[in-house]
Amino acid sequence: MVRLHGLGSVAVPGESGFAEVADRVPTHPSTRAAITVDVERVSDSCGHGVPVMDLVGDRDLLRLTADKKGRAGLAAGRAPP
């Protein structure tokens with residue numbers, strides 16, 4: 001396990017910095033924010049209790065839910081109460 005220590009910031013769609021980060025990764029309809037961290041320290045942890053796992057594949061539930069809700073439904077779910 002690796003731990004990254006630093007100061008993070010969050011940008012949501014339409015805010016400064018979001019597009020710069022989002023353009024670097026594959027698009028996904030459920031993307032809610034871009035998080036950046038100015039890493040000041042990297043440490044490790046023993047991980048003795050962490051199970052060994054294999055990647056079987058990507059889950060499609062998030063994409064299916066986003067497709068079902070559509071753009072308007074996703075925007076409504078992200079809006080402040």
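Guide: Since Val12 will be placed relative to named elements, it helps to know that helices and strands here are DSSP runs, numbered from the N terminus. The model is a predicted one, and in it Val12 lies in the loop between β1 and α1 (18–22).

Visitor: Why is Val12 called partly exposed?

Guide: Its relative accessible area is 33%, and the middle class lies between under 20%, which is buried, and over 50%, which is exposed; Val12 is therefore partly exposed.

Visitor: What makes Val12 eligible for a nonpolar patch on the surface?

Guide: A patch takes residues with over 30% relative accessible area and no salt bridge, and Val is among the nonpolar side chains that are joined within 5 Å. Val12, at 33%, passes that area cut-off, and it is listed in the patch with Val2, Leu4, Val10, Ile35, Val37, Val39 and Val42. Together these residues have about 740 Å² of accessible area.

Visitor: Which elements give two or more residues to that patch?

Guide: They are β1 (2–11) and β2 (34–44), and the largest share, 4 residues, comes from β2.

Visitor: How do you know that the contact between Arg24 and Glu20 is a salt bridge?

Guide: The rule asks for a side-chain nitrogen of Lys or Arg within 4 Å of a carboxyl oxygen of Asp or Glu. The side chains of Arg24 and Glu20 meet at 3.5 Å, N to O, so the pair satisfies the rule. By this rule the count comes to 1 salt bridge.

Visitor: Are the two partners, Arg24 and Glu20, buried or exposed, and what makes them so?

Guide: Arg24 has a relative accessible area of 66% and Glu20 has 53%; exposed means over 50%, and therefore both residues count as exposed.

Visitor: What lines the largest pocket, and what is its volume?

Guide: The largest pocket has a volume of about 430 Å³ and is lined by 18 residues, of which Phe18, Thr27, His28, Pro29 and Thr31 lie nearest its centre. Both α1 and α2 (61–78) supply at least two residues of this lining, with α2 giving the most, 6 residues. By class, the lining has 12 nonpolar, 4 polar and 2 charged residues.

Visitor: What makes Gly73 and Gly77 polar in the lining of the second largest pocket?

Guide: Both residues are part of that lining, and the classification puts Gly among the polar residues, so they are counted there. The lining as a whole has 3 nonpolar, 4 polar and 3 charged residues, and the second largest pocket holds about 170 Å³ of space.

Methods
Residues are numbered from 1 along each chain as its sequence is written. This is a predicted model: local features need pLDDT of at least 70, side-chain atom pairs count only at pLDDT 80 or more; totals for chains, interfaces and linings use all residues. Side-chain values use heavy atoms; hydrogens and water are left out. Patches are made of residues with over 30% relative accessible area and no salt bridge: like charges are joined within 9 Å, nonpolar side chains (Val, Leu, Ile, Met, Phe, Trp, Tyr) within 5 Å. Accessible areas come from the Shrake-Rupley method with a 1.4 Å probe; for residues, only the protein chains shown count as cover. Buried means under 20% relative accessible area, exposed over 50%, partly exposed in between (1.4 Å probe, protein chains only). On a 1 Å grid over the protein atoms alone, a cavity is a set of points where a 1.4 Å probe fits but cannot get out, and a pocket is an open set with protein on both sides within 12 Å along at least five of seven lines; lining residues have an atom within 4 Å of a point. Grid points are joined across faces, edges and corners, and a volume is the space filled by probe spheres set on the points.
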